[in-house]
Amino acid sequence: MNKLCVLCCLLLSAGAILAADASPYQVVWTAPSKDVNGTMPLGNGEVGLNAWIDEQGDLRFYISRIDSVDENGQLFKIGAVRVSFNGREPVVNNREPAAVQPVSHFKQTLDTKRGVLEAQYQNRSGNDIALRLWVDAHRPVIVIEAAAAKPAAATAFAEIWRTKRETIPEQGTSDSYKVSSYESPNFRNAFKTPEYDNLETIIEPDTILNLPNALGWYHRNVHSKPYQLTAKIQGLDDFERQDPILHRTFGAIIRSGHAKKIDNQTLQSAEGTTHRFEIAVTMKHPAAAEDWLNETQNILDAAQKIPFDERKAQHEQWWNEFWNRSWIHITSTENAGDSAAADDPIPPNRHTVLIGKDQHGGSVFQGELSVAIERGKVFSIAEMKARNACSEVPLRYSGSISDSADWKFSGGMTIEARIKPSKLSGYYRRIADKITPGGSNGFLFDITPQNGLRLVVGPDTHLSKPNIVTKDQWQYVAVTVTPAGTVQFFAGGQPLESNTVKTAYNDAPPNLSDAFALSRAYALQRYVSACAGRGTLPIKFNGSIFTVPEKGRADYRQWGPGYWWQNTRLPYVSMPAAGDFEMLQPLFRTYLDMLPLCKYRTEKYLGHGGAYYPECIFFWGDVFLETYGWQPWDQRKDKLQKSGYHKYEWVGGLELALMMLEYYEYTGDENFLKEKAIPFAAEILTFFDKHYSVNENGKLVMYPSQAVETWWDCTNPMPEIAGLYAVIEKMEQLPAELLTAETKSFTAKLKQKLPPIPTTPSPEGKPMLAPAERFAQRRNSETPELYAVFPFRQFTYNRPNVEWGIEALKHRRDRGAFGWRQDDTVMAYLGLGDEAAAYLVKRAKTKDAAGQNKSRFPVFWGPNYDWVPDQDHGGILTRGVQSLVMQCDGKQIDLFPAFPKGWNCDFKLHAPYQTVVEGRLEDGKVTNLKVTPKEREKDVRIMNSPNVK
């Protein structure tokens, strides 16, 4: 038995350190990380780690908490820790030491099934090291276990960067002190009074403690200017509430048995073959420094009194129960064609090759066009020049190619086209297409809106070259794809561009299939949410608690410290079906705590009852000053915010009301329903009833209004109209005895006032969903017309007029399978299984393409529209995958309503009315179906993807 095996037995009595087979629940790396961008996430719901092993063999990690908010309102890292077996001094400010012998025999595994990072390697001193790192699922305590083949000391360094008072030039968008672009900075300057003598973003230093044989530090907020300023300017300073920032105190204490403190930032475990460090990470608000210290020490004392093996077992039991709640495992059938063969550079699919249009009949080429496609043939530059010069060369195809569904491309491919476009600008114009629109399961060749050429091949190749094509002129254009995946563009017989995609690390499992990529993405994103989803504040959409240093700052995140509802909701939309009900509590609690303030603000600003929720708020409920503006509320005729991006956006309250009512529907929690969900929904509905007048037909006229951020001048916007219908429908489905007669009467009357769902003619004259009854001033790229499909599900595959939604999807202006775009989930609810699956696979594989971002971990998406890791990207992915497998409407449970052919699936998901559904789809048949409680079996339908093309 070799030394590493001995170490594994010593340290890891629970089982083998590494699994032999690829698993969607494991991430295995065989090389250390070059820098902080090679981190793996760990967490217990409130404490998080960005952990990596560097090329010198040191374990390093950043520590975060979901509620470590500083005096400027930004979410701080707690600090960083390095554990070394090399006896080196700590790295300061990420400056690496001189080059030394790198580690060898390296293997690092994140086992999400147990919430543990494990590694084994030989360090630069030739010592075999085994490590285990985890955050206790039941306590805010980090545990580091280490074993060495030869006796060695282990040294922990506390790396603290907030060591002096510092002024930073900016925090990111929605800064606490940022001036709105809608007004003069003179308003802000008026607040530079003795009380607010400095409105710069000043970072106060941490306090490093002098503890006996332990390390400790904390940050304590000594002022709360953002809270005081927002309250004063927005007229909320007379609303009684606790200051949410002042004296908030957070930090950490590190201990190790048989340890010696070298200094206040260095703790050394005595030479030996096993070591253990434990770190308590806490926040207390409000708190004096000594109160925080006593509580943190007590937490660590209490944890260490419990037998260590018992704590470890409790930790792993929590994760075991978490994964046993629900799962989705998608695999390929034998002939699924969901991944290319090793020698096939183009993913195969069942689409027919189309010439001059995409698979939806869109992106139509306008003009004259003929195309030839050679499989197994890659023309040389000389051949391309000769064919360009010969106008007699026949180009064989136009329209569609009937026998092309089974085409393979193992020998590469050449596409030639003679084109004479009569129209260019504004849209993509297909030359040849064998790919699901928006997907990555084939290829497309087309003209871009910039009069250029574009080629998409699979998930990893997306090339474009602008300003190539000329209107009303014949041109010869071509592209070649070699068996190795090298791509070459040609125009007029001349080569334009070539590219071979490479990845920075070879971490992906070999022959990564679409099915495995989707299963892995689903599992890992759910894990990331669990690592940050059980604290006192909601998950931050723009990086969660797993951001890494950027722009020289460990605490930086794009889009700043606040909560934007349209983004904040997305990590939560898949939690009910997953059974992750406790993780919804921080979201509900935070927004419910704001309800009294929102009612107060509504009455003060608008003069009527009910409550509205602004889109952009700090966690205490006040609006960003950049959004609201610095002009005091009492100097304004219009009390609402200055920024037009969310001025009349009221949809957030409706979405949250629907989520709360669905939470009751899933859990049967009557106390939550009666004490929270119904009162909340009533206040939101009251707002609309009071705020807008009715026309001569007794219907609400919602003006002024807007359709999310995209259309600024609207009447009767789709998100609010569809949301009102959805919330009232859900309240009507509640048991009659749980609603008062007054509530029933109110919702019935309001329903009668609702205007019809907005529609508009498509370019072909068919009715389709519209952003609003009337809409103008387009300012963003959302698709508010499709809110009637998701999140409000008024037009789905099983409801009347689903074709209105399909037409709106087909003609949407903006599309994509990344960030907060909801196309994937919308497609699934419309029953478009192939399209939804293609978008979801593309979303799942976004991280695999080189150059997407610097993060090594496969689900650290982004930055997309927001920041890394982008939780909106992953939130849409998890909801979309669930919607392929199961959709519920009232008591009806539909299995596989939008599942593509060619995949198998094992699943366990939660449904309304405290129901759990478990089973397997294999070769198109559902087996092993188990419905709990059994009487709900009558409500289950096995679907056949009715709208799948």
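The expected span of a helix is taken here as 1.5 Å times one less than its number of residues, a yardstick for the opening stop of this tour through a predicted model.

Select residues 670-691, which make up helix α14: its 22 residues reach 30 Å from the first C-alpha to the last, close to the 32 Å expected at 1.5 Å a residue. Move along α14 to Ala-677, where there is a kink of about 35°, shortly before the proline Pro-679. Then go back to the start of the helix and show the side chain of Asp-669, one oxygen of which comes to within 3.3 Å of the backbone nitrogen of Asn-671.

Keep α14 displayed and add helix α10, residues 585-593, in which Pro-586, Leu-587, Phe-588, Thr-590, Tyr-591 and Leu-592 are buried. Among the elements that cover these buried residues are α14 itself, α11 (595-606) and α13 (651-667), together with the strands β29 (563-564) and β30 (616-617).

Next, turn to the open sheet of three strands, ordered β31-β32-β35 and paired in the antiparallel sense. Because β31 (705-707) and β35 (772-778) stand at the edges with a single partner strand each, one side of each is left without a neighbour in the sheet. On average, and ignoring direction, neighbouring strands of this sheet are turned by 40° against each other. Zooming in on β31 and β32 (residues 711-717), one finds antiparallel pairing over two bridges, and the bridge partner of Ala-707 is Trp-711 in β32.

Finally, select residues 718-732, helix α15, which packs on the sheet and touches β31, β32 and β35, its direction making about 35° with that of β32.

Technical notes:
Residues numbered from 1 in each chain as written. Predicted model: local features only at pLDDT ≥ 70, side-chain atom pairs only at ≥ 80, totals over all residues. Heavy atoms only, no water. Helix = DSSP H or I, 4+ residues; strand = E, 2+ residues; numbered from the N terminus. Bend = angle between axes of the 7 residues up to and from the residue. Polar contact = N/O pair within 3.5 Å; in protein donor to acceptor, adjacent residues only side chain to side chain. Pairing = 2+ DSSP bridges. Axes fitted to C-alpha atoms, helices over the stretch in contact; angles between N-to-C directions. Contact = heavy atoms within 4.5 Å. Buried < 20%, exposed > 50% of the residue type's maximum accessible area, 1.4 Å probe, protein only.
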